[in-house]
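Let's take a walk through this model together, one level of organisation at a time. Keep the viewer open as you read.

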There are 2 protein chains.
Amino acid sequence: MRLSRYFLPTLKETPAEAQIVSHRLMLRAGMVRQASAGIYSWLPLGFRVLKKIENIVHEEMAAAGAQAVLMPTLQLADLWRESGRYDAYGPEMLRITDRHDREMLYGPTNEEQITQIVRDDIRSYRDLPKNLYHIQWKFRDEIRPRFGVMRGREFLMKDGYSFDLDFESAKRSYNSMFVAYLRTYARIGLKAIPMRADSGPIGGDLSHEFVILADTGESAVFADKALLAMDPPSDTIDFEADLEPIMQKWTSLYSATDEKHDPANCPVPAEDLVEARGIEVGHIFYFGTNYSEPLGCAVTMPDGEKRFVHGGSYGIGVSRLAGAIIEASHDDAGIIWPDAVAPFDVGLINLKSGDDACDTVANDLDAKLSTAGVEVLHDDRDERAGVKFADMDLIGLPWQLTVGPRGVKSGMVELKRRAGGEKQELSIDSALSQILDKRA
Amino acid sequence: MRLSRYFLPTLKETPAEAQIVSHRLMLRAGMVRQASAGIYSWLPLGFRVLKKIENIVHEEMAAAGAQAVLMPTLQLADLWRESGRYDAYGPEMLRITDRHDREMLYGPTNEEQITQIVRDDIRSYRDLPKNLYHIQWKFRDEIRPRFGVMRGREFLMKDGYSFDLDFESAKRSYNSMFVAYLRTYARIGLKAIPMRADSGPIGGDLSHEFVILADTGESAVFADKALLAMDPPSDTIDFEADLEPIMQKWTSLYSATDEKHDPANCPVPAEDLVEARGIEVGHIFYFGTNYSEPLGCAVTMPDGEKRFVHGGSYGIGVSRLAGAIIEASHDDAGIIWPDAVAPFDVGLINLKSGDDACDTVANDLDAKLSTAGVEVLHDDRDERAGVKFADMDLIGLPWQLTVGPRGVKSGMVELKRRAGGEKQELSIDSALSQILDKRA
């Protein structure tokens, strides 16, 4: 993609309204624009990141045996009356009346709706277990939305729901999501720590939050340092196998959020305890028959018994993650995208657009990388070198490949890794193979 | 995917509420379920189709130089007051009040919102042209929603917007979308005909509808038979080139919707005129400065002049297309998916699940096809053969590959092409290579 044609409205000034670094950088890097309080438009660069996160979530959900559906954003108030949550939910629920005066709402979550679907179409014990999820926009009418996409009102969430015959089976579903979440965050390039959690307004028993570590995180977290050193489950993990040992391994080590941590009763000796800042990016619950009973979601067992299904719900804040990744990975110059979610792989800088020699080399590199499946953002603008370097650092693509008039004479280009900042003068072929090798 | 685990609630009975064939078949094939009037949940099979259509649209938009963004579903009423459409839009606009009594609305379209984005972030003539689109849920509060996803209230639309300096440039943008639309429908497997259209409530001058032919289409259309015989633009088309000749070729031949067709003044002799049924699946407009003037979207020209940008909008009904494809491609037994949007490529039927020989062959075929990137829905259920065949015809996957106890003894399987119904007895390897060759 040629930057001269790309819609990338970067900002030199830091927008005054942005209080946290991810919000500042997403605005400055031209990723998002506020449409109204807590509601954002995703511009081309931001959309690419969102899509990459979404694809990773889809792939890991599929690997874990979950099936993608898509429920609508608007729901009937009467459905929420069945669970008793319509009145309980409070002013964060956006209530809507249509032209026929039907009471509706913009879904803040989908336990009722998915339970209705399963209730209406699953009758027999043979049809369970099922694990269904979707990635859809939600709305929570926060009284004071802030922090950009980290706490927006309209936000993109992956919410999944499992349906099982009994606790043992539901625990297996829960474990598979526990493992899938660890894998998802690791693939994105984040260190995520599961923490035992309260069940919150959705209600439930077994419950974990997933917190990623970021110096600028919203709250303090405490963890056994052995937990931080653990490797995420491998990508060859067998989701059919018993995952309880993995679950045990991760949950037996101490971790706690600020509210739950009690220094006086902490089981971990001070020298083994790490205090860090964290951001919640996922939450999983087992809630038993909390929804299936009021909504009448039951299946027929072999002996004719009707049994209410056991449910769990599993959420990942997809749009929130775009901000959280930046909180976890940036420096003074801008964003540092992990490879897996970078909007482009390579920022190709032509220092002298319009110069035949530079244009030839830059266009050739662009073509060769693109043909190899590498996503290139090619800065072919008629701008000063300083502007080009600053913009490239700001938007944080993993590789910067610079073509300048001096180097071109001797067939050399500069390759910089955004994460560490290392620069190398390389022949064109070496630069190409270094980028291609790293991807392989 | 093993059908025994898949959430595919097919129905034997035809739901009484469904008046048209696509609605009936989408319900019967377990693709969608109604959540409330005109609002649908997409179940796993339906979601896969929706996603494939979406991907094709994304790819063709990118090929034509359009850039993907994502605007939110909810918009501010005040923004629509700037264009004058807030009061003009009528009861189809879903109006919403948030907890702070701000007037909002669920976007039925996005001309205002994208114009605001461009207004705020594009200042110079050098930043144009731009062509931005998104695929996002829309809401139009139809007084009597019907025909399933063909005329829903909450629907998924690709809406794109071009911004140019003058009419000539805007016409080039318009032409590129005209060609991209022809390519998009052709890739999906549909015969689409552009028809000169009124501009409708969005306002505009140059305007075409794209209509696909289906015997069960909603309205009569008339076209020169030479138009129906034309091949769509090739996939190697150069969007940088002058597309006006292609545009001329397609628009010089007569075509008209029922309302516009006047038999007394039709320029085509009766023997060359085809009357058919059609479904509108896209609409493109050039609307000049209709939005840029009231919203103050102007750029600075080289001489310092401020110039209002020239706009166009380009819509494809993505969720509607899922229904339209079925209207265009089905038989008495069910859906016949075009290859490009089929939810799976192959329906693998094991006629005797639990039989060692059949299981071995079916599992092996499943593994080999999946490894080769073929998407397989593997019917491993303990059901009668008749049920399996009926379900497979109903959901309409392009290939049916049947493993039965008799054939297995002699190493034979049956391969059926859903579209034509031809069946072949083949060795396992021949069946495999026929499927793989067809894909290549």
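## Domains of chain A

In this predicted model, the centres of domain 1 and domain 2 of chain A, taken over C-alpha atoms, are 38 Å apart. The domain assignment places domain 1 of chain A at residues 21-335 and domain 2 of chain A at residues 344-439.

Where the two domains touch, domain 1 of chain A contributes six residues and domain 2 of chain A contributes four residues. On the domain 1 side of that contact in chain A, four residues are nonpolar, one is polar and one is charged.

## How the two chains are related

Now let's bring in the second copy. Chain B superposes on chain A by a rotation of 180° with 0.0 Å of shift along the axis, at an RMSD of 0.0 Å. That is the relation of a two-fold axis. If you want to find the axis from chain B, look for I96(B): its C-alpha is the one nearest the axis in that chain, at 3.0 Å.

## The interface between the chains

The contact between the chains involves 39 residues of chain B and 39 residues of chain A. On the chain B side, the elements giving two or more residues include strand 1 (32-36), strand 2 (39-42), helix 2, strand 5 (94-97), helix 5 (111-121) and strand 7 (130-139) of chain B. By class, the side of chain B that touches chain A has 25 nonpolar, six polar and eight charged residues.

Which surface does each copy use? Of the interface residues of chain B, 100% are also interface residues in chain A, so the copies meet through the same surface.

## A three-stranded sheet in chain A

Back in chain A, you can pick out an open sheet of three strands in the order 4-6-5, with antiparallel pairing. Strand 4 (74-76) and strand 5 (94-97) of chain A each have a single partner strand, so one side of each is left without a neighbour in the sheet. On average, neighbouring strands here are turned by 40° against each other, direction ignored.

Strand 5 of chain A pairs with strand 6 (residues 103-106) of chain A in the antiparallel sense, over four bridges. To see one of the bridge partnerships, follow T97(A) to E103(A) in strand 6 of chain A.

## Helix packing in chain B

Two helices of chain B deserve a look: helix 2 (residues 44-63) and helix 6 (residues 167-188) pack at an angle of about 145°, their axes 10 Å apart. Their crossing is right-handed.

Helix 2 of chain B brings residues including I53(B), I56(B), V57(B) and M61(B) to this contact, where helix 6 of chain B offers residues including A180(B), T184(B) and I188(B). By class, the contact of these two helices has seven nonpolar, one polar and three charged residues.

## A mixed sheet and its helices in chain B

Further along chain B, five strands form an open sheet with mixed pairing, in the order 20-19-21-22-23. Its edge strands are strand 20 (376-379) and strand 23 (423-427) of chain B, each pairing on one side only. Neighbouring strands of this sheet are turned by 25° against each other on average, direction ignored.

Within the sheet, strand 21 (residues 399-403) and strand 22 (residues 412-417) of chain B pair in the antiparallel sense over four bridges, and W399(B) has R417(B) as its bridge partner in strand 22 of chain B. Helix 11 (residues 356-371) of chain B packs on the sheet, touching strand 19 (346-350), strand 20 and strand 21 of chain B, and its direction makes about 165° with that of strand 19 of chain B. Helix 12 (residues 385-395) of chain B lies across strand 19, strand 20 and strand 21 of chain B, running at about 175° to strand 19 of chain B.

Conventions. Residues are numbered from 1 along each chain as its sequence is written. Chains are lettered from A and ligands numbered from 1 in the order in which they are written. This is a predicted model: local features need pLDDT of at least 70, side-chain atom pairs count only at pLDDT 80 or more; totals for chains, interfaces and linings use all residues. Axes are lines fitted to C-alpha atoms, for helices over the stretch in contact, and angles run from 0 to 180 degrees between N-to-C directions. A crossing is left-handed if the near helix is turned anticlockwise from the far one by less than a right angle, and right-handed if clockwise. Two residues are in contact if their C-beta atoms, placed from the backbone, lie within 7 Å. Ala, Val, Leu, Ile, Met, Phe, Trp, Tyr, Cys and Pro count as nonpolar, Asp, Glu, Lys and Arg as charged, and the others, Gly among them, as polar. Two strands pair if DSSP finds at least two bridges between them. Domain bounds come from an automatic or database domain assignment. Copies are superposed by least squares on the C-alpha atoms of residues with pLDDT of at least 70 in both.
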